[in-house]
Amino acid sequence: MTKEGNAISGRAGVQSVALLLIGGALVRTAWTGTYVRYVKPGLHWPLLVAGAVLVAVAAVNLVRVFRGAPGEEHHHGRLEPAWLIVAPVLALLLVAPPALGSYAASHGGTALGSAAGSDFPPLPAGDPVRVSLLEYASRAVFDRGRSLEGRTVTLSGFIVVSGDARYLTRMIITCCAADARPVKVGLAGAVPPGVAADTWLEVTGTYADRTDPDPVDGQPIPYVTVTAAHPIPAPKQPYES
C-alpha cells in the first residue's frame, strides 16, 4: 500500500475510534442517568439510540479498516498527530463532568425575565406546599408576592455565596446545559450559619417583601424568610425547566 493509502487508512481508523468513543460516551451517560447533568430528561431515549447507532457505525468502519490494513507497512514507534483528537473524547468517556453549580450561577444573570406577564393562580391547598424555585421567584417578583401571602412553601437548591448573602439557586435549562441560566432566591431568617457554596438545601419558609439586585444583570432577586432548613443530597435531576 502507498504512503497515501496508509495515511487515508490511518485517518479512517482515528475517525472510527473517535466515533466509537463518542457513541460510547452517549450510551454511558444515558444508561447511568448522568445525562441529566447536560440535557433535559426527555432526551434519554434519543441519546441512547444515537449513541448505539454511532457505536455500530464505528464498529463497521473499524472492521473495514483492519481488513484492508497492510501489516508490514504500518508505521511503528511514533504517535500520529491525528490520534490526539481521541484524547478529549476518551476523557469524556472516563470522567463525567459535574452539573453546573455556584460558579456558573454567580456569573449568570437571573432567568426571571422570561416569566414577566404570566398569570399566577392560587397555590395548591395544604402547607407547606412544595414549589419550584422558578415559580416562587416569579410569584414573588411579578405578582409582588400576592399569591404567596399567608402561605408556607418548601424550596430546594444549591447555595451561591455573594458577600454576606446566601442565595438558594437552581439552573434553568431550555434544551441543555449550554443555555442554562440561574434563578436565585435570597435566604433571610433562620439561615444555617456558615453554609458553604454548592451545598444543597431544602428550606421551608414564607414570603419576604425584599429583593436584591442581581450583581450580573441588575434584575431583582426575591427573598424567602426561612423557618427551617437542612442539607440534602444533590438531586438526580439538578436543573429546572
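Which residues does leucine 187 touch, not counting residues up to four places away in sequence? In this predicted model, leucine 187 touches Ile159, Arg166, Leu168, Leu201, Val203, Tyr223, Val224 and Val226. Leu187 is also one of the residues with the most contacts inside the largest nonpolar core of the chain, and the points below begin with the chain as a whole before turning to that core.

**The chain as a whole**

- The chain holds 5 helices and 6 strands, and, read from the N terminus on, these elements follow the order α-α-α-α-β-α-β-β-β-β-β.
- Of the 241 residues in the chain, 40% are buried, while the accessible surface of the chain comes to about 13100 Å², with 62% of this area belonging to carbon and sulfur atoms.
- When contacts with a separation of 6 or more are considered, 70% of them are accounted for by residues that stand 24 or more positions apart in the chain.

**The nonpolar cores**

- The largest nonpolar core is made of 26 residues, and those with the most contacts inside it are Tyr136, Val153, Leu155, Leu168, Leu187 and Val224.
- Two or more residues of this core come from each of helix 5 (133-142), strand 2 (152-162), strand 3 (165-172), strand 4 (181-189), strand 5 (200-213) and strand 6 (220-231).
- Among these contributors, helix 5 gives the most to the core, with 6 residues.
- Another core lies apart from this one and has 14 residues, among them Ala165, Met171, Ala188 and Trp200.

**Helix 5 and its surroundings**

- Helix 5 is mostly covered, since 8 of its 10 residues are buried, and these buried residues are Leu133, Leu134, Tyr136, Ala137, Ser138, Arg139, Ala140 and Val141.
- The cover over the buried residues of helix 5 includes strand 2, strand 3, strand 4, strand 5 and strand 6, and these five strands also appear among the elements that give two or more residues to the largest nonpolar core.
- Tyr136 belongs to the buried residues of helix 5, and Tyr136 is also listed with the residues that have the most contacts inside the largest nonpolar core.
- Helix 5 is followed by arginine 144, a residue whose phi is positive, near 55 degrees.

**A nonpolar patch on the surface**

- Nonpolar residues are found on the surface too, where Val49, Val53 and Val57 form a patch with about 230 Å² of accessible area together.
- Valine 49, one of the residues of this patch, lies in helix 2, which covers residues 44-67.

Key. Residues are numbered from 1 along each chain as its sequence is written. This is a predicted model: local features need pLDDT of at least 70, side-chain atom pairs count only at pLDDT 80 or more; totals for chains, interfaces and linings use all residues. Side-chain values use heavy atoms; hydrogens and water are left out. Patches are made of residues with over 30% relative accessible area and no salt bridge: like charges are joined within 9 Å, nonpolar side chains (Val, Leu, Ile, Met, Phe, Trp, Tyr) within 5 Å. Accessible areas come from the Shrake-Rupley method with a 1.4 Å probe; for residues, only the protein chains shown count as cover. A salt bridge is a side-chain nitrogen of Lys or Arg within 4 Å of a carboxyl oxygen of Asp or Glu. Helices (H or I, at least four residues) and strands (E, at least two) are DSSP runs, numbered from the N terminus. A nonpolar core is a set of buried Ala, Val, Leu, Ile, Met, Phe, Trp, Tyr and Cys residues joined through side-chain atoms within 4.5 Å. Buried means under 20% relative accessible area, exposed over 50%, partly exposed in between (1.4 Å probe, protein chains only). Contact means heavy atoms within 4.5 Å.
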